[in-house]
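Here are my notes on the model you sent. Please read them with the structure open.

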Amino acid sequence: MSDEKYKGNGRKGNGKALPRVGVFVCHCGTNIAGTVDVAKVVAYAATLPGVVVAKEHKYMCSDPGQSMIQQDIEEHKLDRVVVSSCSPLMHESTFRGTVADAGLNQFLFQMANIREQCSWVHEDRQLATQKAMKLVRAAVARVIHHTPLEIKTVPVNPATLIVGGGIAGIEAALALGKAGHPVYLVEREASIGGKMAQFDKTFPTLDCSACILTPKMVSTAKNKNVTLFTFSEVEEVSGYVGNFKVKIRKKPRMVDVDACINCGSCWQNCPASIAPTSRRIKIGDRVIKERVGHMPVTPIAAGGGKDG
Ligand code: SF4
Ligand code: SF4
């Protein structure tokens, strides 16, 4: 964004008065100040449109550093704050709390990371200082556009959709089901089990795959909190976090799933040439041709459960 339109009259292009921005640049001991010329960054920040105060502190996250920000919010009637220091992961919540305690909406705040993104990754002092100045300028330009936000709490539907009934999906379904949450496990093949069901042994212990997997498949099918959708695919997902709606397409079973005992006779004697007898499976660079069992209708290969 160009700063040009803000110059001259201290007003935005739309005629509204600019917010009053305070910029606070941290030394972090020598972590930042050892590579970046902090005084130069502060002097530059003071010239940016909207900035009414720019200061430095040796440790901005310390109590004296935070108090300085709060005093300046009051004294200079700041309605935006930029802290130029470390990663937001480290201290964004700290400084949001600082400005909130001073009566400012916590989201009228922006961090510029001149430590991890600048002093810690550059050696040339001059170039690092120039980059820090650019990061501060970007943060000031951005914070001007911030609007006050509120944190809302909304009810969350704990029901969970798991797509893919391989060992990871099975483990997730079992853990969530055990925790008492409703789980919908969708698997596009006729059986859950995934790739692990195709292996003989597991690395590195060379344990029998089926010995590990099949009890989990049976537990999944028997878990009252888990609804299985085998031979099914997710068609549509709508909604938002905590309140999704999902459309699942169940492919036709052709037979009475409740009555089927998995004997395989129908598959072996099926006259329809369209029924696949094998399928190609890609594992890494290898393509394996696997004979398909009597699966179009099978709820789960391990038996012991019917899908939803
Ligand atoms: S705010 Fe971040 S950069 Fe500044 S002293 Fe604290 S940890 Fe270091
Ligand atoms: S596998 Fe086929 S023949 Fe055997 S019980 Fe099921 S539907 Fe009937």
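The points below cover the two ligand shells, one sheet and one pocket.

1. The model is predicted, and the remarks that follow should be read with that in mind.

2. Ligand 1 is surrounded by residues that include four cysteines, Cys-26, Cys-28, Cys-61 and Cys-86. The others around ligand 1 are Ile-32, Tyr-59, Met-60, Ser-85, His-91, Phe-95 and Arg-115. By class, this shell holds 8 nonpolar, 2 polar and 1 charged residues.

3. Around ligand 2 lie Val-255, Cys-260, Ile-261, Asn-262, Cys-263, Gly-264 and Cys-266. Its shell has 5 nonpolar and 2 polar residues, with no charged residues.

4. Three strands form an open sheet in the order S5-S6-S9, and their pairing is parallel. S5 (160–163) and S9 (226–229) are the edge strands, each pairing on one side only. From one strand to the next, the twist averages 20°.

5. Within this sheet, S5 and S6 (residues 183–186) are joined in the parallel sense over 4 bridges. Thr-160 has Val-183 in S6 as its bridge partner.

6. The second largest pocket has a volume of about 300 Å³. Its lining consists of 14 residues, and Ala-159, Thr-160, Leu-161, Phe-244 and Val-246 lie nearest the centre. S5 and S11 (243–250) are the elements that give two or more residues to this lining. S11 supplies the largest share, 5 residues. By class, the lining divides into 9 nonpolar, 4 polar and 1 charged.

7. Thr-160 deserves a look in both settings: it is bridged to Val-183 in the sheet, and Thr-160 is also among the residues nearest the centre of the second largest pocket.

Terms used
Residues numbered from 1 in each chain as written. Chains lettered and ligands numbered in written order. Predicted model: local features only at pLDDT ≥ 70, side-chain atom pairs only at ≥ 80, totals over all residues. Heavy atoms only, no water. Near = heavy atom within 4 Å. Nonpolar A, V, L, I, M, F, W, Y, C, P; charged D, E, K, R; others polar. Pairing = 2+ DSSP bridges. Axes fitted to C-alpha atoms, helices over the stretch in contact; angles between N-to-C directions. 1 Å grid on protein atoms, 1.4 Å probe; cavity = no way out; pocket = protein on both sides within 12 Å on 5 of 7 lines; lining within 4 Å. Points joined across faces, edges and corners; volume = space filled by probe spheres on them.
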